[in-house]
Amino acid sequence: MRYDITFRSRGGSALVLTLIVVAMLTLGAAAFFERMFAEHQAERVFGRQLQANNLAESGIEYAQALLAQDPEVVMQSGGLYANPSLFQGVLVNDDPTAAYRGRFTIIAPDLTTDGYYGGVRYGLENESSRLNLNTIVLADKQGENTARTLLMALPGMTESIADAILDWIDTDEEARQLGAERDYYTSLPRPYAPRNGPLGSIEELLLVRDVTPALLFGADLNRNGTIDRNEESLTSIDNVDNSMGELDRGWAAYLTLDSSEANIRADGSPKIDVNMDNLEELRKQLAEVFSEEETDFIIAYRQGGAYDGTEPGKQASNVKIDLKQRGNVRLTTVLDLIGVKTRVAKALTPGTSSGGQGNSNFSGGLGAPQSVSSLGGQGGGQNAGLGNSGGNNNSRIVIAPAFPNDPGSMQTYLPKLMENLAVNPAPSIPGRLNINQAPRALVAGVPGLDPIAVEQIIANRDITLGEQQPDQKYETWLLQNRIVTLEQMKQLMPLITSGGSVYRAQVVGFFDEEGSADRVEVVVDATQSPPVVRRRWSLRELGPGYSAEFLGVPLGDELQ
């Protein structure tokens, strides 16, 4: 009996141990399965995120390819400004299952008809619609405190912060009137030195005295171009009047370091360097585009500059231009040719003495070619006076204007001048502000534009640079429409443009259903061929930022 009891006791113990082992194995298997499932899910999420990133990268390459195309071809497809057919829900990977159907959408900030930032659109943002901080100090060459005036256009900007920004950028160690230089920054608890050169990033402005994150980045934390419900409490920024929402996206929305425009013609060929030294080659190139009258007048102007005397002048085509003489006058802008007469030496015949006028310099002792302004004051009167030295009054010939200063004539010749001539042979021109696409605040800050002119520009500009107003392809539409005078336009030329070859894009890669999304912001430089990405920011941590419907998910599918 004792044996049976012992046996049964041991058998019961074994059963309990077996159950315990089975339970432990079950728990272990469950834990292993749970962990493997979690690993699988994590791997799946990572894979989907990687795919979403690749979709966004496809959008970047798509933007580069568009910018490499002929602008006329792109315009025929609807252009770059607001074009859902080109930029919304572009299919990259088609699949019967919505969860695996991948797309991208390209988004840019929109402007209201009054010129304020408002919402977003499907398209690219012209970087020239922003104020270029890395070229702004050059604006002071146009007039005292011009750079400060441009900065003061930013909503909430003060003169002390403007001077501090300019001191941070300029190369000297001398503080401006209200600025700050090395002595200020090195006296801080954690000392550092100012850049004293071009900025490396817009974020670097946070190192400048009195620049705050709220001023620089505004209330739009997720950078989707709108103020979401959780951001409404942030729109009151540093006691600045933000009633029109001008600071919702902060100063960063108005600033760039990269704006530039290719100095080429629409067909991609280089413009004619009107200031080249070889006048024979210049005449040859001009003759391919301009009439004989216009060509000879430009050559004559290069030799004699502007003449403001009373002689009526001859037609340039009736005067034999001596191409052996040097081009003593360099144009500062193609507008120098408008509404002026010129005066050149008579062509020499064999055996004729120059009498001081037929040599390579039209006035003794001038040496190398100079601009009109360097020849003394207003150019015209000074050049006329120079023409009388060393000879008699008949030794120089007055030529009548070939480019009259009247809007009717300008409709014909001004587009030719702007399209084909350059006073600087550099391949690109950095830093000018696109007057058609810049927000109101920046337009109002351009020196030389009074409030009436600003209102006329905002009311009449074609912000899409579309086919309705092709005359606005060039910034000189302000002159043609009599918004500014010729002299005002000459002063504006170094500051404004209607072009731009660098673009910003915010690209969202996404799936039609239950997928991750990825956002990337890039700056693409199309002054080079092929276009290249100059800057890149990942916005992944900020979320998709936009609804499925806005991104372009078809009805019936839903982005999670």
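**Reading a residue and a helix pair**

User: Let me start with a single residue. Where is Gln 437 found?

Analyst: Gln 437 is found in the loop between β16 (433-434) and α12 (440-444). Helices here are DSSP runs of H or I with at least four residues, strands are E runs of at least two, and both are numbered from the N terminus. Residues are numbered from 1 along each chain as its sequence is written, and side-chain values use heavy atoms, leaving out hydrogens and water. This is a predicted model, where local features need pLDDT of at least 70 and side-chain atom pairs count only at pLDDT 80 or more, while totals for chains, interfaces and linings use all residues.

User: Thanks! Is Gln 437 buried or exposed?

Analyst: Buried means under 20% relative accessible area, exposed means over 50%, and partly exposed is in between (1.4 Å probe, protein chains only). With a relative accessible area of 11%, Gln 437 is buried. Across the protein, buried residues make up 48% of the 560 residues.

User: Which side chain is joined to that of Gln 437 by a polar contact?

Analyst: A polar contact is a pair of N or O atoms within 3.5 Å; within protein, one must be able to donate a hydrogen and the other to accept it, and residues adjacent in sequence count only if both atoms are side-chain atoms. For Gln 437, the side-chain partner is Asn 126, at 3.3 Å. A polar atom of the Gln 437 side chain also lies 2.9 Å from the backbone oxygen of Ile 463.

User: Now a loop further back: what does the side chain of Asp 170 make a polar contact with?

Analyst: With the side chain of Arg 176, at 3.2 Å. Asp 170 lies in the loop between α5 (159-169) and α6 (182-185), and it counts as buried because its relative accessibility is 7%.

User: And helix pairs: at what angle do the axes of α8 and α9 cross?

Analyst: Two packed helices are described by the angle between their axes and the distance between the axes. Axes are lines fitted to C-alpha atoms, for helices over the stretch in contact, and angles run from 0 to 180 degrees between N-to-C directions. Here α8 (residues 279-287) and α9 (residues 292-304) have axes that come within 9 Å and cross at roughly 150 degrees. That makes α8 roughly antiparallel to α9, a label for angles over 145 degrees (under 35 is roughly parallel, 65 to 115 roughly perpendicular, the rest oblique).
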